[in-house]
Amino acid sequence: MWHCVDVSSLDRRPTQVDVAREAGVSRALVSIAYRGVKGISPETREHIFEVAKQLGYRPNGVAARLASRYTATIGVFLFDLYNEVFADIFEGVRSVTAEEGRPLVLSVGSRDGSREREGLEMLQNARADVIIAAGLMLPDAAVTKVGETTPVVSASRSIPGIDSAFASDEAGAELAVAHLHELGHRRIAHIASPPRQGYLGRKAGYERSMLVRGLAPLVREADYSQESAAVAAASLLDLAEPPTAIFANNDIAALGVIDVLSERGLRAGADLSIVGYDDTPVARLPTVSLTSVDLHAQRLGAVAAELALRRLSEPAAAIEQRSIDPELIPRGSTTAPPRG
């Protein structure tokens with residue numbers, strides 16, 4: 001059953017997003033209805049037109065002609081460009097969409113997550129037919145709500161009910177702890193990210209991997225800045241029995257640990273072993289040589305783009321979750337613990 005339309009709340013010219021919300025369909029489906037292409041039932045098309053009429057929506061003739069001339073637009077939301085992992089994800093997306101000739105619209109959030117809703121709304125207002133979102137901090141239910149009007153593909157995080165491309169963070173944490181344990185470390189600490197839905201895997205995987213080996217977990221939390229990680233690392237190094245190794249939530253946090261070591265005249269690898277996460281370009285620099293868990297960010301972006309293209313061509317297709325196995329890349333920042 002279709003519901004009645006309430007037009008009293010609109011004090012502006014209605015858009016396809018409004019029509020989609022009131023009709024209970026995706027924005028892409030509204031676009032398909034007005035372009036007259038296949039992939040929609042006559043009943044649904046008529047329902048969309050009726051809702052649009054009640055809202056007072058009038059299709060833009062110029063936009064309609066442009067839509068018939070050009071392919072659908074893909075919106076891309078990136079959590080934070082200060083973290084190179086999101087640049088890698090975007091490169092993966094672009095490598096796939098460029099081959100298809102699909103235009104991209106980019107929106108960037110902020111480290112504290114305060115611009116996520118605004119960034120997604122901007123992409124919806126820009127008439128993106130599908131959104132690839134990398135690093136969203138919004139709760140699962142909030143992302144699913146956005147997906148009711150514009151299809152969303154999650155990159156780097158698994159979200160139930162949403163097409164997702166991700167690497168298992170719990171498996172990645174196990175790789176990090178196993179590597180350090182094999183080198184002989186027993187006091188292994190973890191600098192964790194703030195507890196948010198969808199991003200608990202690295203801490204959970206670390207704690208389980210430690211307990212399985214009969215080791216006591218030692219956790220400090222930090223936000224997504226290098227400075228915050230440095231504060232957390234300093235508190236660990238000041239303990240009566242400091243750790244001999246630290247597994248950082250990401251490469252940026254690992255750089256914060258390296259900063260503290262440098263300030264104290266210590267060296268990564270020689271005095272304290274460090275494992276990062278994401279394997280961003282900075283980890284590969286000879287002067288950094290950071291052991292890191294590679295989540296294959298470019299591959300994640302490419303898979304997310306493939307899911308987005310599939311959603312455009314098959315709007316009613318079943319939700320798909322694609323997992324990629326992480327890989328530990330050992331470098332000079334991890335060695336056997338110092339004697340004594």
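In this predicted model, V76 stands opposite L106, a residue of strand β2. The chain travels from β1 through helix α5, residues 84–100, before it arrives at β2, and this β-α-β crossover is right-handed. Strand β1, which covers residues 74–78, and strand β2, which covers residues 104–108, pair in the parallel sense over five bridges. V76 also stands opposite I132 in β3, and β1 pairs with that strand, residues 130–134, in the parallel sense over five bridges.

How are the side chains of β1 arranged? In a regular strand the side chains alternate between the two faces of the sheet. In β1, I74, V76 and L78 point one way, whereas G75 and F77 point the other way, and all of them are buried. The strand is therefore described as mostly covered, since five of its five residues are buried, that is, under 20% relative accessible area.

Two further residues that lie in strands, H190 and S164, can be set side by side in a small table.

| Residue | Strand | Polar contact of the side chain |
|---|---|---|
| H190 | β6 (residues 188–192) | backbone oxygen of F247, 2.7 Å |
| S164 | β5 (residues 163–167) | side chain of Q321, 3.2 Å |

Is H190 buried or exposed? H190 counts as buried because its relative accessibility is 0%. Leaving out residues up to four places away in sequence, H190 touches R202, K203, Y206, L218, V219, R220, F247, A248 and N249, and F247 is also the residue whose backbone oxygen the side chain of H190 reaches at 2.7 Å.

S164, too, has a relative accessibility of 0%, and so S164 counts as buried. Which residues are in contact with S164, once its neighbours within four places in sequence are left aside? They are S154, R157, S158, I159, L307, E320, Q321 and R322, and with the side chain of Q321 the side chain of S164 makes a polar contact at 3.2 Å.

The last topic is the empty space inside the model. Rolling a probe the size of a water molecule over the atoms shows where empty space is left. The count comes to one cavity of 30 Å³ or more, and the largest cavity holds about 40 Å³ of space. Its lining is made up of I191, A192, S193, A222, D223, Y224, N249, N250 and A253. N249, which belongs to this lining, is also among the residues that H190 touches.

Terms used:
Residues numbered from 1 in each chain as written. Predicted model: local features only at pLDDT ≥ 70, side-chain atom pairs only at ≥ 80, totals over all residues. Heavy atoms only, no water. Helix = DSSP H or I, 4+ residues; strand = E, 2+ residues; numbered from the N terminus. Buried < 20%, exposed > 50% of the residue type's maximum accessible area, 1.4 Å probe, protein only. Polar contact = N/O pair within 3.5 Å; in protein donor to acceptor, adjacent residues only side chain to side chain. Contact = heavy atoms within 4.5 Å. Pairing = 2+ DSSP bridges. Right-handed = clockwise from strand over helix to strand, strands pointing away. 1 Å grid on protein atoms, 1.4 Å probe; cavity = no way out; pocket = protein on both sides within 12 Å on 5 of 7 lines; lining within 4 Å. Points joined across faces, edges and corners; volume = space filled by probe spheres on them.
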